[in-house]
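Q: Please help me take a close look at one part of this structure. I would like to see how it fits with what surrounds it.

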Amino acid sequence: MSALTIAMPKGRIFNEAIEMLRSAGYDLPEDFDLSRKLLAKAPAENMTFILAKPSDVPVYVEHGVADVGIAGKDVLLEENRNVYEVLDLLISRCHLSVAGLPGATPDLFAPKIATKYPRIASEFFREQGEQVEIIKLNGSIELAPMVGLAERIVDIVSTGRTLKENGLVEMQHIRDITSRLIVNPVSYRLKDDAIRHLTERLKTVVEKEGS
Ligand code: PRP
């Protein structure tokens, strides 16, 4: 079976993704979850793992440095990379929403929207027929309406705790998000055996956990 390099997202998806691989029977190093290493090997499985920032996972996969990767649908929509999305892992469920301060009157002239997702936000408001100015931020998006940088935000809502603790409310649901298994198009052909095997094993776990 061909060796595989897998790009994994650090942070909130990581633990669920590792757990899923272990449930699929992969023998991963014990200290994998705790280590700060950015490159790790699972020799028993002929696998190498790249631990990347979630939004960079599709970049590693598109460039073929990683054969496969695990990435949130939010990141895939925003990055719009040339990768194949082969399986919905149904993990790290959350949704993308428009949120803001309750009762705030939108600036009708050029409403400002702060977000980590400028592509998704632009498309959403274009479809809604609303002209907005998008302000790109890299994190702590909820701060923007509180300090007057933007009236509304487009961001991920998971437990809803960040919005609640900062006095914000959801205004529009954009779409549900889950994590996906993605594949480099060249690897898909050249390492067909190993990729098919990985996909089938993960699919079995998805189906078992969903039933
Ligand atoms: C994400 C997102 C929200 C928060 C939502 O941020 O941007 O801020 O999580 O989660 P919750 O609904 O469970 O509170 P993340 O923690 O990834 O960090 P960031 O603010 O740096 O983007």
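Is Thr 5 buried or exposed, and what is its relative accessible area?

A: Thr 5 is buried, at a relative accessible area of 19%. The word buried means under 20%, exposed means over 50%, and partly exposed lies in between (1.4 Å probe, protein chains only).

A word on the source. This is a predicted model, where local features need pLDDT of at least 70 and side-chain atom pairs count only at pLDDT 80 or more, while totals for chains, interfaces and linings use all residues. Residues are numbered from 1 along each chain as its sequence is written, and side-chain values use heavy atoms, leaving out hydrogens and water.

Now place Thr 5. It sits in strand 1, which runs over residues 4-9. Helices (H or I, at least four residues) and strands (E, at least two) are DSSP runs, numbered from the N terminus. What does Thr 5 touch, beyond residues up to four places away in sequence? Its contacts are Thr 48, Ile 50, Val 65, Ala 66, Asp 67 and Val 68. Contact here means heavy atoms within 4.5 Å.

Keep an eye on Asp 67. It is one of the residues that Thr 5 touches. Asp 67 is buried, with a relative accessible area of 5%. It also forms a salt bridge with Lys 191, and the closest N and O atoms are 3.1 Å apart. The pair ties together parts that are 124 residues apart in sequence, since Asp 67 lies in the loop between helix 2 (57-62) and strand 4 (68-72), and Lys 191 in the loop between helix 7 and helix 8 (192-210). A salt bridge is a side-chain nitrogen of Lys or Arg within 4 Å of a carboxyl oxygen of Asp or Glu. Side chains of opposite charge can pair when their charged atoms come close. Lys 191 is partly exposed, at 22% relative accessible area.

Two further residues touch Asp 67. Take Ala 3. Its place is in the segment before strand 1. Not counting residues up to four places away in sequence, Ala 3 touches Asn 46, Asp 67 and Lys 191. So Ala 3 has contacts with both partners of that salt bridge. Ala 3 is partly exposed, with a relative accessible area of 36%. Its C-alpha atom is 9.7 Å from that of Pro 43, and these two residues are 40 apart along the chain.

Next comes Ser 187. It belongs to helix 7, residues 185-190. Ser 187 counts as buried, at 6% relative accessibility. It touches Asp 67, Asp 192 and Ile 195, again leaving out residues up to four places away in sequence. That puts Asp 67 in contact with Thr 5, with Ala 3 and with Ser 187.

Step back to the salt bridges. The structure holds nine of them. One joins Arg 81 and Glu 79, with the closest N and O atoms 3.2 Å apart. Arg 81 is partly exposed at 30%, and Glu 79 is partly exposed at 24%. Another joins Glu 165 and Arg 161, at 2.9 Å from N to O. Both residues lie in helix 6 (residues 161-165), four residues apart, about one turn of the helix. Glu 165 counts as exposed, at 56% relative accessibility. Arg 161 is exposed too, at 57%. Salt bridges that share partners also join Lys 73, Glu 85, Asp 88 and Arg 180 into one network.

Finally, the whole chain. There are eight helices and eleven strands. The chain has 211 residues, and 44% of them count as buried. Thr 5 is buried, and so is Asp 67. Contacts between residues at least 6 apart in sequence can be sorted by distance along the chain: 67% of them join residues at least 24 apart. The C-alpha trace spans about 60 × 35 × 30 Å along its principal axes.

To sum up the close look: Thr 5 is a buried residue in strand 1, and it touches Asp 67, which pairs with Lys 191 in a salt bridge.
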